Amino acid sequence: MSTPPPTTIPAPTAAAAGRTSVVHGKKRVLASAFAGTTIEWYDFYLYGTAAALVFNVQFFPMATELGGIVASFATLAVGVIARPLGGIVAGHLGDRIGRKALLVASLLLMGVASTLIGLLPTYEVIGWWAVVGLVVLRILQGLSAGAEWGGSALLSVEHSPARHRGFFGSFTQIGSSAGMLLATGAFFVVQHVMSAEQFAAYGWRIPFLLSALLVAVGLWIRLGVADAPEFLEHRASGNVATAPLRELLLHHRRPLLVTIGLRLAQNAVYYLVTVYMLTYLRDVRGDSASGVTAVMIASAIGLFTTPFWGWLSDRVGRKVVSVTAYAAIGVFGWVLFAFLDAGPLALLPLVVVLGINLVHDAIYGPQAAWFAEQFPVHVRYSGVSFGYQVGTVLGGGLMPMIAALLFAAGGNTPWLIAGYLSGLSVLSVVAALAAKDPAREQRGTELTDLHAGSARAGSTGAVPASDGPLRTDSPRTGSVRADGAADAGPTTGTTAGTTTERTTV
């Protein structure tokens with residue numbers, strides 16, 4: 001009796017299965033970026049909302065109302081100031097051991113800190129120990145947030161096709177809108193189902209305690225994602241930087257300064273609208289609930305506008321979209337305060353949507369891809385994290401506290417605040433004009449690349465270059481350096497036949 005031939009999978013079926021596996025993997029990456037950053041920013045923004053609404057009373061019963069507000073916003077700023085340290089630590093480890101491990105650790109840290117804030121006794125119960133505990137937990141939140149964004153952004157961008165980096169990267173950015181929506185939504189529900197006394201006594205704690213459940217869901221999704229092949233190849237090559245931050249500061253200062261500048265106006269207008277505006281409305285108009293509602297509406301719309309702007313930047317370039325939006329931010333601050341002083345609050349959601357969804361999101365949507373495109377792989381985590389977080393401190397983290405001080409310095413008028421925002425917009429425009437824009441450059445050469453890639457694929461099975469990984473440290477001669485200049489050829493060592501370019505600025 002003859003033995004039947006072994007069962008084999010026909011080549012087309014195997015290819016289809018491979019494509020299905022790749023598509024499933026990319027969906028899991030996008031889900032991880034979205035879910036993880038949503039939970040991280042939910043926890044982080046909870047503090048901002050609580051700082052504007054209750055912390056000045058619960059933890060900082062100062063002699064004057066301004067003192068309590070400034071102290072409350074100062075602890076908000078402490079968390080933001082801690083973010084660069086979290087980015088430095090995560091960047092060092094992420095460039096050496098991988099993105100995924102740091103993302104899991106950051107999610108756990110944020111969940112623990114937020115849950116403990118929900119359990120923390122107030123100043124009335126334990127005095128200044130309450131303040132100490134709040135500051136420590138806020139620092140832990142800052143460290144976690146500093147570690148989170150860079151890894152999540154890189155995981156999504158490094159897994160993406162070259163022509164869709166802005167869209168893929170926007171899923172990390174959507175997490176900010178979703179997190180803000182959940183945070184403001186949680187406070188909205190609690191405020192409306194409880195009396196003011198119940199909310200002040202214990203209701204504000206409920207949104208913080210819910211973070212434990214959300215973290216469990218996020219971990220389940222995130223643990224199923226692997227690092228991108230580009231990073232795995234880089235790590236296997238043996239060219240991993242031993243001190244990524246030192247190399248970043250010595251050889252990549254220009255893109256680092258660019259990324260810091262790109263954050264200033266964008267983050268400042270976000271904190272101005274989502275944090276300081278709530279306090280301003282409460283003090284000037286006697287109404288903070290309308291501000292929370294408006295921010296919640298804009299956050300919901302941001303789930304759609306953020307990926308739209310990321311998609312658009314893939315087609316027209318990051319620079320043209322962002323420079324236009326930065327200029328608009330410079331004008332928006334004046335319009336915002338004119339409306340807050342005298343405009344009908346029923347129309348406040350329209351003003352907030354204008355500032356957040358049409359202006360802020362135009363910058364924020366493409367930002368993950370744009371930051372990643374500024375750095376080569378061996379310092380990319382350190383570069384995007386450090387630039388992003390330092391820009392966050394200078395632009396957004398200090399904004400509510402500076403705004404409160406400028407309001408008082410201006411004779412209880414907001415125009416110094418608007419002028420400050422305009423100044424930050426000018427700095428961000430300068431940074432945007434100096435940034436590399438591979439998306440725009442690629443559009444000019446895409447047809448040629450695709451034609452050449454198709455010819456290669458027909459003869460060798462190679463993948464067209466336009467669908468390759470994110471390469472600013474190209475192994476080919478004539479590559480593009482991290483500072484955007486043409487390179488005559490590789491500059492440093494070869495491992496296993498692959499040359500890794502160490503670019504300088």
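**Figure 1. Six nonpolar, four polar and two charged residues line the largest cavity.** This is a predicted model: local features need pLDDT of at least 70, side-chain atom pairs count only at pLDDT 80 or more, and totals for chains, interfaces and linings use all residues. Residues are numbered from 1 along each chain as its sequence is written, and side-chain values use heavy atoms, with hydrogens and water left out. Nonpolar here means Ala, Val, Leu, Ile, Met, Phe, Trp, Tyr, Cys and Pro; charged means Asp, Glu, Lys and Arg; the others, Gly among them, are polar. The lining consists of W41, Y45, R83, S176, R263, Q266, N267, Y270, Y271, H360, Y364 and Y388. Helix α13 gives the largest share, five residues. At least two lining residues come from each of α1, α13 (253-285) and α16 (348-372). Helices (H or I, at least four residues) and strands (E, at least two) are DSSP runs numbered from the N terminus.

**Figure 2. The largest cavity holds about 70 Å³ of space.** Searching the whole structure gives three cavities of 30 Å³ or more. A cavity is a set of points, on a 1 Å grid over the protein atoms alone, where a 1.4 Å probe fits but cannot get out; lining residues have an atom within 4 Å of a point. Points are joined across faces, edges and corners, and the volume is the space filled by probe spheres set on them. Rolling a probe the size of a water molecule over the atoms shows where empty space is left.

**Figure 3. Helix α16 kinks by about 55°, centred on D361.** The bend at a residue is the angle between axes fitted to the seven residues ending there and the seven starting there. α16 spans 35 Å from its first C-alpha to its last over 25 residues, close to the 36 Å expected at 1.5 Å a residue. That expected span is 1.5 Å times one less than the number of residues. The helix is mostly covered, with 22 of its 25 residues buried. Buried means under 20% relative accessible area, exposed over 50%, and partly exposed in between (1.4 Å probe, protein chains only).

**Figure 4. Helix α14 (residues 289-316) bends by about 45° at G302.** It has 28 residues. Its reach, first C-alpha to last, is 39 Å, close to the 40 Å expected at 1.5 Å a residue. G317 follows α14, and its phi is positive, near 105°.

**Figure 5. T49 sits buried in helix α1 (residues 11-58).** Its relative accessible area is 1%. Leaving aside neighbours within four places in sequence, T49 is in contact (heavy atoms within 4.5 Å) with T184 and F187. W204 is 155 residues away from T49 in sequence, yet the C-alpha atoms are 9.9 Å apart.

**Figure 6. T122 and Y123 at the start of α5 (123-126).** T122 lies in the loop between α4 (99-119) and α5. T122 has 9% relative accessibility and counts as buried. Beyond neighbours within four places in sequence, T122 contacts Q58, F59, G127, A130, W204 and R205. Y123 belongs to helix α5. At 26% relative accessibility, Y123 counts as partly exposed. Its C-alpha is 4.9 Å from that of F59, 64 residues apart along the chain.

**Figure 7. V258 in helix α13 touches A431, A434 and A435.** Residues up to four places away in sequence are not counted in that list. V258 counts as buried, at 5% relative accessibility. V258 and K436 are 178 residues apart in sequence, with a C-alpha to C-alpha distance of 9.2 Å.

**Figure 8. N412 is a residue other than glycine with a positive phi, near 60°.** N412 occupies the loop between α18 (399-409) and α19 (415-434). N412 counts as exposed, at 55% relative accessibility.

**Figure 9. The whole protein has 20 helices and two strands.** Of its 505 residues, 56% count as buried. Among contacts with a separation of 6 or more, 83% join residues 24 or more positions apart.

Conventions: 1 Å grid on protein atoms, 1.4 Å probe; cavity = no way out; pocket = protein on both sides within 12 Å on 5 of 7 lines; lining within 4 Å.
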